[in-house]
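Ready for some practice in reading a protein structure? Take a look at the sequence and the model, then work through the exercises below.

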Amino acid sequence: MLRHLTALALSLLMPAAAYAACEGENLIAALPADLKAELRAETAAHAYPEGNIWRAEKDGKTVHVVGTVHIHDPRLAAIRDEVAPAMAGADVLILEATTSDQAALQQRIMANPEVAFLTEGPSLIDLLGDETWALLAGRLEERGVPAMVAAQFRPWLVSVTLALPPCAIVDQQAGKAGLDAMLEAEAERLGLAIDTLDDLDRILEVISAGTLDEQVEMLKVALQMDIDGAAMIATTLDSYLSGRHREFVEFSRVQSRLLTGSNASVDAFLETVLVERNRDWAEKLPALIEGRDAVIAVGAAHLSGETGVLMTLERLGYRLTRL
C-alpha cells in the first residue's frame, strides 16, 4: 500500500523527473466492474474532479489554472504549448516550488542529516530484521542504490526511493522534467515573474512525517505489496492525460481497501500531503493573485475537492470555465 502512497507523493510534492518509457498495465482498467463503479462514484463526489486547464475571471483579471504532473512524459509538451499563450499575457506564474527550491531542499537535508539518515542508534537492518532487509536490499540494488548505504536511510527516504521504478532512473539522471519544470522554463524565457506556494520547512515536514516506528511499519507493508511501479506511473499518466485528475487519488483509496481493508493510512497521507497544503495555499493565494493576470500551475490532484485550488478561487468570487 505504501507504494501507492509514495507514488502519490511523487505526484503531489516537489516536481521530479521520473519517466523513462515506463510501460505497464493500467491498474484502473484492470479493476473488476464493481470496483470501477465504486471508483467512479467516489471520484464524482468531489468538486471539480476533471479538467486540467481552467480559466478564472474576476474584476477584469484572468487567472489560468493548470493541473500538472511532476513526472516526465513527452506528451506533456503539447500541454505546455497550449498554456504558453496564457503565460505570455500574464503578470506572474505561481508554482508549488521552483527547481531552485528543490536544490535548496536537498541542501537543507544534507545540512541536517538526522532528517533523512539514521545518525545514531540501530540501522535499518536492525529495525527491519534480516529477512525483510534481504528483500529490501534486492529492491534497492535494482535501483542502483547500494544496500549498505541505504541501511542508514530513514524509512521515509527508502519509501520514496522505492516509489521510483527502475525504468525511471535513466531519465531522472538525464534531468528530464515534468510539466511544472517545463512551464518554469517557459516563464524564464518570457521574463515572467515566478512566485511559489510552498514553504521548504513545510515540505520537509510533509515528506518525513510519522515516528520512526510508524515509518518502519509502513515500509514493511510496502515490501509485502509487490505492486508494479511502472504500472503505477502508467496509470497515473493515463488518468491525467484523460483529464481525470481526481481518479488516481480515489484509486489509491479503493486499492487501499482492497489490499488492507482500510482507508486509514491513505486518508492520513492525503490529509497531510494534499488537504493541509491546500489550506496553506488558500491563505497565500489572495495576495499572490490580487489585481494580477496569473497562471497557477500545481499538481493536478490539488485542483479538486472542497479545499482544492478551484474551490478556493470560487470562494474568492472568480467565475470558472473549464478549457
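A residue counts as buried when its relative accessible area is under 20%. Keep in mind that this is a predicted model.

**Exercise 1. Strand β5 and its neighbours**

Work out how enclosed strand β5 (residues 294-299) is, and find the strands that β2 and β3 are joined to by bridges.

Solution.
- Step 1: Start with burial. In β5, six of the six residues are buried, so the strand is largely enclosed by the rest of the structure.
- Step 2: Turn to β2 (residues 61-68). Six bridges join β2 to β5, and the two run parallel. One pair to look for is Val63 with its bridge partner Ala294 in β5.
- Step 3: Now take β3 (residues 92-95). Four bridges link β3 to β5, again with the strands running parallel. Here Leu93 stands opposite Val295 of β5.

**Exercise 2. The whole sheet**

Put the strands of the open sheet in order and name the edge strands.

Solution.
- Step 1: The open sheet has six strands, in the order β4-β3-β5-β2-β1-β6, and its pairing is mixed.
- Step 2: The edge strands are β4 (193-196) and β6 (319-322), since each pairs on one side only.
- Step 3: From one strand to the next, the twist averages 20°.
- Step 4: For an antiparallel pair, look at β1 (residues 53-58) and β6, which four bridges join. Trp54 has Arg322 in β6 as its bridge partner.
- Step 5: Add a helix to your picture: α10 (residues 179-190) lies across β2, β3, β4 and β5, and runs at about 140° to β2.

**Exercise 3. Helix α14 and its packing**

Describe helix α14 (residues 245-260) and say how α2 packs with it.

Solution.
- Step 1: Check the length. The 16 residues of α14 reach 24 Å from first C-alpha to last, close to the 22 Å expected at 1.5 Å a residue.
- Step 2: Check burial. Twelve of these 16 residues are buried, so α14 is largely enclosed by the rest of the structure. Among the buried residues are His245, Phe248, Val249 and Ser256.
- Step 3: Look just past the end of α14, where Gly261 takes a positive phi of about 80°.
- Step 4: Find α2 (residues 33-44). Helices α2 and α14 pack at an angle of about 130°, with their axes 9 Å apart. That makes α2 oblique to α14, and the crossing is right-handed.
- Step 5: Finish with the contact, which includes Leu35 and Leu39 of α2 and Phe251 and Val254 of α14.

Key
Residues numbered from 1 in each chain as written. Predicted model: local features only at pLDDT ≥ 70, side-chain atom pairs only at ≥ 80, totals over all residues. Heavy atoms only, no water. Expected span 1.5 Å × (residues − 1). Buried < 20%, exposed > 50% of the residue type's maximum accessible area, 1.4 Å probe, protein only. Pairing = 2+ DSSP bridges. Axes fitted to C-alpha atoms, helices over the stretch in contact; angles between N-to-C directions. Contact = heavy atoms within 4.5 Å. Parallel < 35°, antiparallel > 145°, perpendicular 65-115°, else oblique. Left-handed = near helix turned anticlockwise from the far one by under 90°.
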